[in-house]
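Subject: Structure handover

Hello,

The structure we spoke about is below, followed by notes on what turned up in it. Please read the notes with the model open.

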Amino acid sequence: MLGNREHANILFSILRKNRTMTGEFGKFIEAKRKALGMTLCGLAAELNIAPAFMSDIEKGHLYPPQKEKLYEMAAILKLNEEDTNTIFDLAAGVKRERHAS
């Protein structure tokens, strides 16, 4: 069984890796949100999620949300078809990288 320190080290290394993988998705969402003049808290409220959760997604600390939330996000951010496809591509890329690890 792992000790607390070893467990924490493993979690931190996973989080560091996740940050790199999910960063592009989060940056894209953040840019689109800001272009609309929407606050992070406003987007979180529209998606019915906690602002801290939305912040972690934008910062690349968490994986992109599930498909249903991606569709909601695209509608709230008023994304055109190309940008909607982009968020799905970015989200899928993160998931592919996660499974390849």
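Leaving aside its neighbours within four places in sequence, which residues is methionine 73 in contact with? They are Phe25, Ile29, Leu47, Met54 and Pro65. Keep in mind throughout that this is a predicted model.

Overall layout

The protein chain has five helices and zero strands, and along the sequence it reads α-α-α-α-α. Of its 101 residues, 34% count as buried. The accessible surface is about 6600 Å², and carbon and sulfur atoms account for 55% of it. If contacts are limited to residues at least 6 apart in sequence, 66% of them join residues at least 24 apart.

Core

Methionine 73 also appears in the largest nonpolar core, a set of 19 residues. The residues with the most contacts inside that core are Phe25, Ile29, Leu43, Met54, Met73 and Ile87. Two or more residues come from each of helix H1 (4-35), H2, helix H3 (51-59), helix H4 (67-76) and helix H5 (81-100). As background, nonpolar side chains in soluble globular proteins tend to be buried together.

Helix H2

H2 covers residues 40-47, and its buried residues are Leu40, Leu43, Ala44 and Leu47. Viewed down the helix axis, these buried residues fall within an arc of 100°, so they line one face of H2. The general rule is that an α-helix has 3.6 residues a turn, so residues three or four places apart point the same way. Ala45 and Glu46, on the other side of H2, are exposed. After H2 comes asparagine 48, with a positive phi near 60°.

Salt bridges

How many salt bridges does a search of the whole structure find? The count is four, and three of interest are described here.

- Lysine 32 and aspartate 83 meet through their side chains at 2.8 Å, N to O. Lysine 32 is in helix H1 and aspartate 83 in helix H5, 51 residues apart, and the pair links distant parts of the chain. Lysine 32 is partly exposed, at 24% relative accessible area, whereas aspartate 83 is buried, at 15%.
- Arginine 33 is bridged to glutamate 58, with the closest N and O atoms 2.7 Å apart. Arginine 33 belongs to helix H1 and glutamate 58 to helix H3, so this salt bridge ties together parts that are 25 residues apart in sequence. Both arginine 33 and glutamate 58 are buried.
- Glutamate 72 and lysine 69 form a salt bridge at 3.7 Å, N to O. Both lie in helix H4, three residues apart, about one turn of the helix. Glutamate 72 is partly exposed, with a relative accessible area of 33%, and lysine 69 is partly exposed too, at 24%.

Between H4 and H5

The search of the whole structure finds one aromatic pair. Tyrosine 71 and phenylalanine 88 make up this pair, which is tilted, with 4.8 Å centre to centre and 50° between the planes. Tyrosine 71 sits in helix H4 and phenylalanine 88 in helix H5, 17 residues apart. Is tyrosine 71 buried or exposed? Tyrosine 71 is exposed, because its relative accessible area is 52% and the cut-off for exposed is over 50%.

Threonine 84 is also found in helix H5. At 14% relative accessibility, threonine 84 counts as buried, because the cut-off for buried is under 20%. Apart from neighbours within four places in sequence, threonine 84 is in contact with Ala74 and Leu79.

Regards

Methods:
Residues are numbered from 1 along each chain as its sequence is written. This is a predicted model: local features need pLDDT of at least 70, side-chain atom pairs count only at pLDDT 80 or more; totals for chains, interfaces and linings use all residues. Side-chain values use heavy atoms; hydrogens and water are left out. Buried means under 20% relative accessible area, exposed over 50%, partly exposed in between (1.4 Å probe, protein chains only). Helices (H or I, at least four residues) and strands (E, at least two) are DSSP runs, numbered from the N terminus. The arc is that of the directions from the helix axis to the C-beta atoms. A nonpolar core is a set of buried Ala, Val, Leu, Ile, Met, Phe, Trp, Tyr and Cys residues joined through side-chain atoms within 4.5 Å. Contact means heavy atoms within 4.5 Å. Rings of Phe, Tyr and Trp (its six-membered ring) pair if their centres lie within 6.5 Å; planes under 30 degrees apart count as stacked, over 60 as edge-to-face and the rest as tilted. Accessible areas come from the Shrake-Rupley method with a 1.4 Å probe; for residues, only the protein chains shown count as cover.
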